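Biologist: I'd like a close look at one part, the largest pocket, before we turn to what surrounds it. Which residues lie nearest its centre?

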Amino acid sequence: RPISAEELWQRRWRTCPGGTSQNCWIAVHGVVLQMGTDFLSRHPGGQAVVIHRAGGDATAEFEKAGHSDNARRWARRLAVGYLVPQEGAGAAAVGAVVAE
């Protein structure tokens with residue numbers, strides 16, 4: 001589903017009802033990923049590196065870290081939508097994170 005930059009920022013950190021789990025949203029190559037507590041606690045680079053980019057574009061960090069093909073497959077499972085380019089901005093290369 002299409003997700004605006006504003007919605008991405010608003011969903012940067014959410015606590016689920018009951019306070020038992022949390023999640024944050026980030027964008028990588030225009031694909032919006034929902035990172036839940038379970039995933040964050042197991043992230044090989046630590047959860048802080050993900051949380052630092054919550055609500056924003058983490059493409060540069062994702063690529064700089066040299067994520068494996070396996071990590072890119074995992075990213076597909078976390079996708080909740082795609083970032084809608086802001087009006088006046090060029091079309092981004094959406095979907096590279098989930099490409100085969």
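Modeller: Happy to, and one yardstick comes up throughout: a residue is buried at under 20% relative accessible area, exposed at over 50%, and partly exposed in between (1.4 Å probe, protein chains only). By that yardstick, buried residues make up 33% of the chain's 100 residues. Please keep in mind that this is a predicted model, in which local features need pLDDT of at least 70 and side-chain atom pairs count only at pLDDT 80 or more, while totals for chains, interfaces and linings use all residues. Numbering starts from 1 along each chain as its sequence is written, and side-chain values use heavy atoms, leaving out hydrogens and water.

Now to the pocket itself. Rolling a probe the size of a water molecule over the atoms shows where empty space is left. A pocket is an open set of points on a 1 Å grid over the protein atoms alone, where a 1.4 Å probe fits and protein lies on both sides within 12 Å along at least five of seven lines; residues with an atom within 4 Å of a point line it. The largest one has a volume of about 490 Å³, which is the space filled by probe spheres set on the points, with points joined across faces, edges and corners.

Its lining consists of 22 residues, and the ones nearest the centre are Phe39, His43, Pro44, Phe62 and His67. Sorted by type, 15 of the lining residues are nonpolar, four are polar and three are charged. Here nonpolar covers Ala, Val, Leu, Ile, Met, Phe, Trp, Tyr, Cys and Pro, charged covers Asp, Glu, Lys and Arg, and the others, Gly among them, are polar.

The lining draws on several elements, where helices (H or I, at least four residues) and strands (E, at least two) are DSSP runs numbered from the N terminus. Six of them supply at least two lining residues each: strands β3 (22-28) and β4 (31-36), and helices α2 (37-42), α3 (47-51), α4 (59-64) and α5 (69-78). Helix α5 gives the largest share, five residues. To place these elements in the chain, there are five helices and five strands, and along the sequence they run β-α-β-β-β-α-α-α-α-β. With contact meaning heavy atoms within 4.5 Å, 61% of the contacts between residues at least 6 apart in sequence join residues at least 24 apart.

Let's walk along some of those lining elements. In the loop between β3 and β4 sits His29, which is not a glycine and yet has a positive phi of about 55°. Most residues other than glycine have a negative phi. At 16% relative accessibility, His29 counts as buried. Gly30 belongs to the loop between β3 and β4 too and is buried because its relative accessible area is 11%. Although Gly30 and Asp57 are separated by 27 residues in sequence, their C-alpha atoms are 7.8 Å apart.

Next comes helix α2, where Thr37 is found. Thr37 has a relative accessible area of 35% and so is partly exposed. From Thr37 to Gln47 is 10 residues in sequence and 9.0 Å between C-alpha atoms. Helix α2 also holds Asp38 and Arg42, four residues apart, or about one turn of the helix. Their side chains meet in a salt bridge at 3.2 Å, N to O; the term asks for a side-chain nitrogen of Lys or Arg within 4 Å of a carboxyl oxygen of Asp or Glu. Asp38 counts as exposed because its relative accessibility is 56%, whereas Arg42, at 49%, counts as partly exposed.

Between α2 and α3 there is a loop that includes Gly45. With 56% relative accessible area, Gly45 is exposed. Gly45 and Ala65 lie 20 residues apart in sequence, with 8.8 Å from C-alpha to C-alpha.

The structure holds four salt bridges. One of them pairs the side chains of Arg72 and Glu63 at 2.8 Å, N to O. Arg72 is buried, at 16% relative accessible area, while its partner Glu63 is partly exposed at 33%. Another joins the side chains of Arg1 and Glu7 at 2.6 Å, N to O, and Arg1 is partly exposed, with 48% relative accessibility.
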